[in-house]
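Colleague: I have not worked with this structure before, and I would like to learn how to read its features one at a time. Could you take me through it?

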Amino acid sequence: MQWLVDLLARSKPEYAETLATLKLPEDPGHAWSVIGRKLSLGTDQLLKIISNSGIPVADLDRIGASEVTRIPEAIARKYQVVAAARTKSHIQLGCADPMNDALAKELGFNIKHPVELLFSPPDQIANSLNRFYSANIGEAGRTLWVDEKELEKAKVNPEEAIARITQHILNDAVKLGASDIHIQPFLGGGLVRYRVDGMLMRGTSLPLTVRDSVLRFILTQADLDISNHTTPQDGRLRVLINDSTYDLRISYLPSHNDSRLVIRLLNQGRNFSLEALGFPMRDQQTLRQLCRQSKGLILFTGPTGSGKTTSLYSLLAGLNKPDINIMTAEDPVEYQLQGISQIEVDEGRGRRFDTVLKSMLRQDPDIILVGEIRDAETAQMAMRAVMTGHLVFSTLHTQDALGSIQRLVDLGVTQGQLADGLKAAVAQRMARKVCLHCAEEVKQRTPLEQLFFDNFSETPPLRAIGCESCHFTGYLGRFPLIEIYQPDSEARRRMRRGRYLEEPDLELNRSLAKVAVQAIVGGLTTIDEVTRVLGADFWGSIDPAHINVAMSMAGLELNDQRKPGFLLLGGDQALADRWSEVIDYPITVAADGPAAARILRRDTQIFGLIYNIDMPDEQVRPHMEGMRRHVAWAGLPPIYVLAQPNPELETALQQHGVNDWVTDPTDTLKLKQLCDEALR
Ligand SMILES: [Zn+2]
């Protein structure tokens, strides 16, 4: 920004002295704010001085997407310019260095159109880039953009650049509230994905060299063996992100060309409480009451990712007092809880759940947490702990409360033992809350909503839509669906006689669905989300006669056994049929961006996107941005198909970090290969 210093010194002599002593930072954004601060001038005043001295100024607050996206994102970011308007002969670009003729020439050459440089404040440029490009494609909060500038830096000081990129990935994960980061290979490079609210969301893509360096950097930091390309490895790393301590659990699956890295982020400052998890008050009371018992078994059940461990931690945190001895056996220990003895199970070293539990009992704990009951030995040992007067918490990998009783019996626990020992079985799922920034009030019922109405005489109040706040998913945050089953005296009598499984409490099958119905009617979530989380069980328990109809209306198949498939953007049914034959996967056609988003929200069997690009150059970019904006949140790998060879477009794709594409129709084998890769 030296030009600006010179200009100010010339036009306002009173500033000359201050300006002479000014040490100007290299970064234009930084320089701009230093100049303003030193001279006590606001943006408007500075802009006025600039335009009065004959330098045209571009007002970036008034520009539209159609103008901006005339130039490719990669070029805009590389040169930090924003297309603001166009004249008969020139494209007018806002930039921080409008006097730079060499820049104008270089840009003109790259865009293949003469350009005129106007001045725009660097902060406005940064905002506009994020507004109209990647931040606008559903990746709000994404700050990382690995472009050629990064790569240049990486050549000069590779370690620093890679550390910075890694830092960015971690920061973004924290900003998005992600629980996991996935770094996986895709199309000759790498793809970063974040798991947010249980769903994978697409992050940035990394060029191959950067991906490899980032993997190497993380592995080295975690003391893992980077030369070992054959065995999976697990490691840990403690890092500070935004002043919070995180434990990273790193799991590395190597392969000579297909290495994958998954990082779980555990915020060690996290506060565990049932309130914070969103447990309804009534359930909190019931659970606290259960915990006041001095002995018994309390089970949490649900599939992986249903939040059972977090709930158990929250219960323990509430019970944790100096005069109570709490011990846990976990695989692995995820969070360290103050004042609780946590022992990590390590089957490789002979520390199994049952052996840890056995040695634990000699320490006379009051409360025991067994991470998971997986085998007969652990089940027996847990029941022995209960019978000898301990309060035992554990989890089981079953669908519902009834299933957990069946499972324990399968593991050799007698119904008689359960009659005395089982205090409660809690079934849990996490469902997403509908985003209130964009939710739509239901006025005309859809067939699915009508079916719901037929059963409950209530219309679900809200429908999920999608906006920037919720990364176009329609949902923001999660809450637990909880069913607490406590056998009554009649049920215990049947257990004692060994007749419980023949005459189970059918009622409890229904309760998760009932809780879900309340959540829908209360406007907390939607039918679609509940159908996704509970699947056929939901409709099976409330309206068995219409279960097939309901599932297909929700875009889900009963016992979804369909092959995984792709979503085609920018093509018609005939093309989908032709390619489907080639790749041997089903292809669904999306007419436009919103349609694509609707299909993706409902169809969980779509695992990849195919972009078909067959239109004149100038239409491609706005078209693709429009599509990407609606589907970016889904985190699905994209495959690009060009209708004919197109060097210009290919360069643009490369600048987006895409290193591979298919040219139709000559390349059908390659299309098949890319689709296979995407689903692997
Ligand atoms: Zn929203």
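Modeller: What follows goes from the whole chain to a sheet, its core, some helices and a few backbone details.

Colleague: Where does the model come from, and how many helices and strands are there in the protein?

Modeller: This is a predicted model, and it has 29 helices and 23 strands. Buried residues make up 41% of the 680 residues, and among the contacts with a separation of 6 or more, 63% are between residues 24 or more positions apart.

Colleague: How should I read a sheet, and what is the order of the strands in the open sheet of seven strands?

Modeller: The general idea is that strands of a sheet pair through backbone hydrogen bonds, either parallel or antiparallel. Here the order is 12-11-13-14-10-15-18, and the pairing is mixed. Strand 12 (341-344) and strand 18 (475-485) are the edge strands, each pairing on one side only, and the twist from one strand to the next averages 20°.

Colleague: Which strands does strand 15 pair with, and in which sense?

Modeller: Strand 15 (residues 422-434) runs parallel to strand 10 (residues 296-301), to which five bridges join it, while with strand 18 it pairs in the antiparallel sense over nine bridges. On the strand 10 side, L297 has L422 as its bridge partner and L299 has A425; on the strand 18 side, Q428 is partnered by I482.

Colleague: Is strand 15 mostly covered or mostly open?

Modeller: Strand 15 is mostly covered, with twelve of its 13 residues buried. Helix 22 (residues 527-534) packs on the sheet and touches both strand 15 and strand 18, its direction making about 135° with that of strand 15. Elsewhere, helix 15 (residues 353-361) lies across strand 11 (326-330), strand 12 and strand 13 (367-370), and runs at about 165° to strand 11.

Colleague: How do I recognise a core, and which residues touch the most other members of the largest one?

Modeller: In soluble globular proteins, nonpolar side chains tend to be buried together. The largest nonpolar core in this model has 76 residues, and those touching the most other members are L357, V370, A382, V392, A425 and A516. Setting aside neighbours within four places in sequence, A425 is in contact with L299, T301, A401, S404, I405 and Y485. Another core, of 40 residues, lies apart from the largest one and includes L476, L568, Y585 and A596.

Colleague: Is A385 buried or exposed, and what is it in contact with?

Modeller: A385 belongs to helix 16 (residues 376-387), and it is buried, because 23 other C-beta atoms lie within 10 Å, where 20 or more are needed. Beyond its neighbours within four places in sequence, A385 is in contact with L357, L361, I368, H390 and V392. K358 is 27 residues away from A385 in sequence, with 8.8 Å between their C-alpha atoms.

Colleague: What can I learn from helix 10, and at what angle does it cross helix 11?

Modeller: Helix 10 (residues 158-176) has 19 residues and reaches 27 Å from its first C-alpha to its last, close to the 27 Å expected. Its buried residues are A161, I162, I165, I169, L170, D172, A173 and L176. The axes of helix 10 and helix 11 (residues 208-221) come within 9 Å and cross at roughly 85°, so the two helices are roughly perpendicular to each other. Where they meet, helix 10 brings P158, I162, A163, I165 and T166, and helix 11 brings V210, S213, V214, F217 and I218. Just after helix 10, G177 takes a positive phi of about 70°.

Colleague: Which backbone details should I look at with care?

Modeller: Most residues other than glycine have a negative phi, and most peptide bonds are trans. S40 is not a glycine, yet it has a positive phi of about 55°; it lies in the loop between helix 3 (28-39) and helix 4 (43-52).

Colleague: What about D197, which also has a positive phi: is it buried or exposed?

Modeller: D197, with a phi of about 50°, is in the loop between strand 5 (189-196) and strand 6 (199-206). With 20 C-beta neighbours inside 10 Å, D197 counts as buried, whereas S40 is exposed, with 8 other C-beta atoms within 10 Å.

Colleague: And where is the cis peptide bond?

Modeller: It joins D331 and P332, with omega at about -10°, and P332 is placed in the loop between strand 11 and strand 12.

Technical notes
Residues numbered from 1 in each chain as written. Predicted model: local features only at pLDDT ≥ 70, side-chain atom pairs only at ≥ 80, totals over all residues. Pairing = 2+ DSSP bridges. Helix = DSSP H or I, 4+ residues; strand = E, 2+ residues; numbered from the N terminus. Axes fitted to C-alpha atoms, helices over the stretch in contact; angles between N-to-C directions. Contact = placed C-beta atoms within 7 Å. Core = buried A, V, L, I, M, F, W, Y, C linked by C-beta atoms within 7 Å. Expected span 1.5 Å × (residues − 1). Parallel < 35°, antiparallel > 145°, perpendicular 65-115°, else oblique.
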